[in-house]
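Take a look at the model below. Then read on for a short report on the ligand and its surroundings.

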Amino acid sequence: MFEKFDPRKGKRFQLLNEDGILSAEARKYPMMTDDELLHAFKTMILAREADDWAVSLNRQGRMPTYPPVKGQEANSIGSIMALRQDDWFVQAFRELGGLLIRGVPLSQHYLYFLGNEWGSHYDIDRFHITPISVPIGSQMPHAVGLAYAERYKGNDRVTIAFIGDGGTSTGDFHEAMNFAGVWNSSLIFYVQNNQYAISVQRKKQTASPTIAEKAFAYGFEGVQIDGNDLFAVYAATKLAAEKARKNKGPTLIEGFTYRMGAHTTADDPSRYRDEEEVQQWAQKDPLLRIQKYLIKNKLIQSGEIETLRKEARKTARDAFEEAENYSDESLDNIYRYTFKDMPPILEEQLEKRRILEGEED
Ligand SMILES: Cc1ncc(C[n+]2csc(CCOP(=O)(O)OP(=O)(O)O)c2C)c(N)n1
């Protein structure tokens, strides 16, 4: 399917270049309608504003640790746009745009990063999203299991599983890749290669020139795409999903992208990367690129963009206020969150907390 873009031959799939110009052959690939494209663009703006606001809230002491998505938006937005609402979306923790595409309220996402686990509980029949997975790689066995279950039930649902470049060094990733290959799973591995795992550069993470080529060792196809190109992300995911739906096997998509911000608000990237590098990647900003395309093709006027930004800023502020005003969880709920039957040691702890907080009967 991606024969022309074999990562082992140093090829990368791109349809929209940094000047916002589509390649001559772009129209041979699946494309969004103009309306879908505008929706994706507006969601990118909202994700960007929501992100900037979260970082600012952290500096104000109102938001604990938050992992910025800035620069990576096209990856989860383009790929989730290419799937059905009932396809499984197995996230890591840097897929805000994709969550918004599925319809998850921004306030819910903020709630999670305010420290409330309920923020990562999704109405499963509506969203088909698994919880945020902070333990790196642990979502991958779940993803291959979901794909197995859907096949077993005779459904044609596809599963997409997100992971970072650092996550590809975990055993969980490789075990999932192996099972997916052996079972010919209807699974798309989407690696957001943002060039760093906290301070560890991609080249120190693995000796293979690309992450995409690892798929071939497991018996299926891998493709490296320009992850800052919404068109390429959409087309590659659409093709991989069509293949998976016909039981023709998994695909690994490596979205070659860049984390423009810090790893989290607790990180200082100036200690391990040069400003010059950041500036070079700023030229490849996925938002700017799609904006140039939309303006050139008269799908939007430049004046409208500032209005969209202002609206998104307000949406982000309102969403955060909603999350901040969410009533505090009861002590009991916090303790009973993980276990159906709590171990005695936690029962004891809860009793002690109750006494301390004056909650005892
Ligand atoms: C099992 C595990 N080990 C270590 C960590 C600490 N940790 C948090 S994020 C991270 C790096 C992840 O890098 P990558 O997979 O490239 O994703 P990115 O954060 O760049 O999106 C690490 C090591 C963790 N969360 N889970």
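How do the residues of the shell around the ligand divide into nonpolar, polar and charged? Seven are nonpolar, five are polar and two are charged. Here Ala, Val, Leu, Ile, Met, Phe, Trp, Tyr, Cys and Pro count as nonpolar, Asp, Glu, Lys and Arg as charged, and the others, Gly among them, as polar.

This is a predicted model, where local features need pLDDT of at least 70, side-chain atom pairs count only at pLDDT 80 or more, and totals for chains, interfaces and linings use all residues. Residues are numbered from 1 along each chain as its sequence is written, and side-chain values use heavy atoms, without hydrogens and water.

**Around the ligand**

The ligand has 14 residues around it (a heavy atom within 4 Å). Arg-94, Gly-166, Gly-167, Asn-194 and Tyr-196 come nearest. The table lists polar contacts (pairs of N or O atoms within 3.5 Å).

| Residue | Residue atom | Ligand atom | Distance |
|---|---|---|---|
| Arg-94 | polar side-chain atom | oxygen | 2.8 Å |
| Ile-136 | backbone N or O | nitrogen | 3.0 Å |
| Gly-167 | polar backbone atom | oxygen | 2.8 Å |

Taken alone, the ligand exposes 580 Å² (Shrake-Rupley method, 1.4 Å probe). The protein buries 66% of that.

**Domains**

An automatic or database assignment sets the domain bounds. Domain 1 covers 3-327 and domain 2 covers 330-361. Their centres, taken over C-alpha atoms, are 37 Å apart.

Technical notes. A polar contact is a pair of N or O atoms within 3.5 Å; within protein, one must be able to donate a hydrogen and the other to accept it, and residues adjacent in sequence count only if both atoms are side-chain atoms.
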